[in-house]
Amino acid sequence: AATLLFSITTSTEAQFQMASFVSVPPASPSIVRSGPASPETLMARRQAVSTLFAKKKKTAPPSSKKIFVKLTKTIPGVGQKNDILSVSPQLFQNKYQRNGSAVRVTEEEVEEEKIEEKNRQFEMLREAEALKDELEQFELNIPKKAGPNGHIFGSVTSKFIMSELKNKFPNKPLDKKYVKVKALQNQDNKDMKHDIKVLGEYKAKISLLKDVEAVVRITVSAES
């Protein structure tokens, strides 16, 4: 906000003429000059007023209001690509904009991103629940060579189970990074701390989404 320093402005020459009467001392004790000031005097006064205002003018402090930016790449400890952050304008200009790691977005664009993300989450949930129903109606049979005591040669790992399920359900979102075998269970429905090494019936708990988990029945039979 500007502070009023004088009631005089530089808009008209007449105002400077009035000011000359009070601010410029008379040439001699016996003569008081009340007529118009010379062009040189007017110019000097304009420069003096401009200099005074320039000295008094305060520099506006940097804006403290946060802005929204969208990451164009993953930054460890900060966020993933396409994440939206709220940062100070100085941080954006001095760091993220300078190295090309983020672009500025408006509040309207942020709201649109929220709506799109909500729709994506809903669609992912719908797909995961549909896949859960299919997997729990399916039984995976894995033939393996085994000895007389039922011990198989090698083992059946979680990675192998996921590979087999992807082959059985080729058009399903089983190749996502977040889809994985959470645990293997024995016939007593107890979690196992190791891979399957003996013929028998088992279960695999598979995490399809944060709150969606499917239980797949697995039979490891002797290879004929």
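Is F169 buried or exposed at 11% relative accessibility? F169 counts as buried. The views below come from a predicted model.

**View 1. The whole chain, with five helices and nine strands.**
Read from the N terminus, the elements follow the order α-α-β-β-α-β-α-β-β-α-β-β-β-β. The protein has 224 residues, and 25% of them are buried. About 16300 Å² is exposed, with 53% of that supplied by carbon and sulfur atoms. Of the contacts between residues at least 6 apart in sequence, 51% join residues at least 24 apart. The average pLDDT is 80. A score of at least 70 is reached by 71% of the residues.

**View 2. The N-terminal stretch, residues 1–34, where pLDDT stays under 50.**
For these residues the model has 25 contacts beyond four places in sequence.

**View 3. The aromatic pair of F138 and F169.**
The structure holds one aromatic pair. The ring centres of F138 and F169 are 5.2 Å apart and the planes stand at 80°, so the pair is edge-to-face. F138 sits in the loop between α4 and β4, F169 in the loop between α5 and β6, so the pair ties together parts that are 31 residues apart in sequence. F138 counts as partly exposed, at 21% relative accessibility. The cut-off for buried is under 20%. F169, at 11%, counts as buried.

**View 4. Helix α3, residues 89–96, and its buried residues.**
Which residues of α3 are buried? They are P89, F92 and Y96. These residues lie on the same side of α3, because they cover an arc of only 100° around the axis. In an α-helix, residues three or four places apart point the same way, because there are 3.6 residues a turn. The cover over the buried residues of α3 includes strands β1 (67–71), β2 (84–87) and β3 (102–105).

**View 5. Helix α5, residues 158–168, with its buried and exposed faces.**
I161, M162 and L165 are the buried residues here. Their arc around the axis is only 95°, which puts them on the same side of α5. The face turned away from that buried side carries exposed K159 and N167. What do the buried residues of α5 pack against? One helix is on the list, α4 (107–136). The strands are β4 (139–144), β5 (151–156), β6 (180–185), β8 (200–209) and β9 (212–222).

**View 6. K70 of strand β1 and its partner E113.**
The side chains of K70 and E113 are joined by a polar contact of 2.7 Å. Beyond its neighbours within four places in sequence, K70 touches N82, D83 and I84. K70 is also in contact with S101, A102, V103 and V105, as well as E113 itself.

**View 7. S207 in strand β8.**
S207 counts as buried, with a relative accessibility of 17%. The S207 side chain reaches the backbone oxygen of L209 at 3.4 Å. Neighbours within four places in sequence aside, S207 is in contact with Y178, V179, K180 and V212.

**View 8. E136 of helix α4 and the residues it meets.**
E136 is partly exposed, its relative accessible area being 32%. Which residues does E136 contact, leaving aside neighbours within four places in sequence? They are E213, A214, V215 and R217. E136 and E213 are 77 residues apart along the chain, and their C-alpha atoms are separated by 10.0 Å.

**View 9. Two asparagines with positive phi, N82 and N189.**
N82 has a phi of about 80°, although it is not a glycine. N82 is placed in the loop between β1 and β2. With a relative accessible area of 46%, N82 is partly exposed. N82 also appears among the contacts of K70. N189 has a phi of about 60° and is likewise not a glycine. The loop between β6 and β7 (196–198) holds N189. N189 is partly exposed, with a relative accessible area of 43%.

Note on methods:
Residues numbered from 1 in each chain as written. Heavy atoms only, no water. Buried < 20%, exposed > 50% of the residue type's maximum accessible area, 1.4 Å probe, protein only. Helix = DSSP H or I, 4+ residues; strand = E, 2+ residues; numbered from the N terminus. Arc of directions from axis to C-beta. Contact = heavy atoms within 4.5 Å. pLDDT = per-residue confidence, 0-100. Areas by Shrake-Rupley, 256 points an atom, 1.4 Å probe, with all protein chains shown as cover. Polar contact = N/O pair within 3.5 Å; in protein donor to acceptor, adjacent residues only side chain to side chain. Phe/Tyr/Trp six-rings, centres within 6.5 Å; stacked < 30°, edge-to-face > 60°.
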